[in-house]
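User: I have a model open and want to learn how to read it. Can you take me through the strands, the core and a few single residues?

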Amino acid sequence: MTLKEPGRIGTIYEHVAINEFLKKGFLVFKNVMQQGPADIVVVSPEGEIELLDVKKRSVRKRDGLAIYRCLTTAQKKLNIKLYYVDDQHPGHYHPPKGIK
């Protein structure tokens, strides 16, 4: 096993997202299935519930532009949102304009 295996990287960034939401006062619940459609469920202090699939924000080598992921059919049906995390930017639902 290496530190750069996709499973390890995914777990690291899931925990980054979890910590971001906890610091904002959210309740956070983690999926226990290895291949589930959502990674975490967050409940805002106001009671709003979101199901999130956490992704490490990636960029293309050729032009430095963000790579956008697509929701699966099951994720769309469950109203799951993609939540992007990386080392240089706070977590976000869609890469903000101007970030390469």
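Analyst: Start with strand pairing. Strand β2 (residues 40-43) and strand β3 (residues 49-56) run antiparallel, joined by four bridges. Keep in mind that this is a predicted model.

User: Which residue in β3 is the bridge partner of I40?

Analyst: I40 pairs with L52.

User: How many residues lie between the strands in the hairpin of β2 and β3?

Analyst: Five. Look at G47 in that hairpin: its phi is positive, near 95 degrees.

User: How do β3 and β4 run, parallel or antiparallel?

Analyst: They run parallel, with five bridges between them. One pair to find is K56 with V85, its bridge partner in β4.

User: Now the core. What is the general idea?

Analyst: Nonpolar side chains tend to be buried together in soluble globular proteins. Here the largest nonpolar core has eleven residues: Y13, A17, I18, F21, F26, I40, V42, L52, V54, Y83 and V85. The elements that give two or more residues to this core are α1, β2, β3 and β4.

User: Which element gives the most to this core?

Analyst: That is α1, with four residues.

User: What does I40 touch, leaving aside neighbours within four places in sequence?

Analyst: Its contacts include A17, I18 and F21. L52 and V54 are also among them. So are the charged residues K30 and E50, since Lys counts as positive and Glu as negative.

User: How do I read a charged residue such as E20?

Analyst: Check burial, then look for an opposite charge. E20 sits in helix α1. It is buried yet has no salt bridge. The nearest side chain of opposite charge is K24, 5.1 Å away. A salt bridge needs a side-chain nitrogen and a carboxyl oxygen within 4 Å, so this pair does not count.

User: Which residues does E20 touch, not counting those up to four places away in sequence?

Analyst: Y83, V85, P90 and G91.

User: Is V16 buried, partly exposed or exposed?

Analyst: Partly exposed, because its relative accessible area is 28%. V16 lies in helix α1 (residues 6-23). Its C-alpha atom is 8.6 Å from that of D86, 70 residues apart along the chain.

User: And where is Q88?

Analyst: In the segment after β4 (81-85). Q88 is exposed, because its relative accessible area is 67%. The C-alpha atoms of Q88 and R57 are separated by 9.8 Å, and the two residues are 31 apart along the chain.

Methods:
Residues numbered from 1 in each chain as written. Predicted model: local features only at pLDDT ≥ 70, side-chain atom pairs only at ≥ 80, totals over all residues. Heavy atoms only, no water. Buried < 20%, exposed > 50% of the residue type's maximum accessible area, 1.4 Å probe, protein only. Contact = heavy atoms within 4.5 Å. Pairing = 2+ DSSP bridges. Core = buried A, V, L, I, M, F, W, Y, C linked by side-chain atoms within 4.5 Å.
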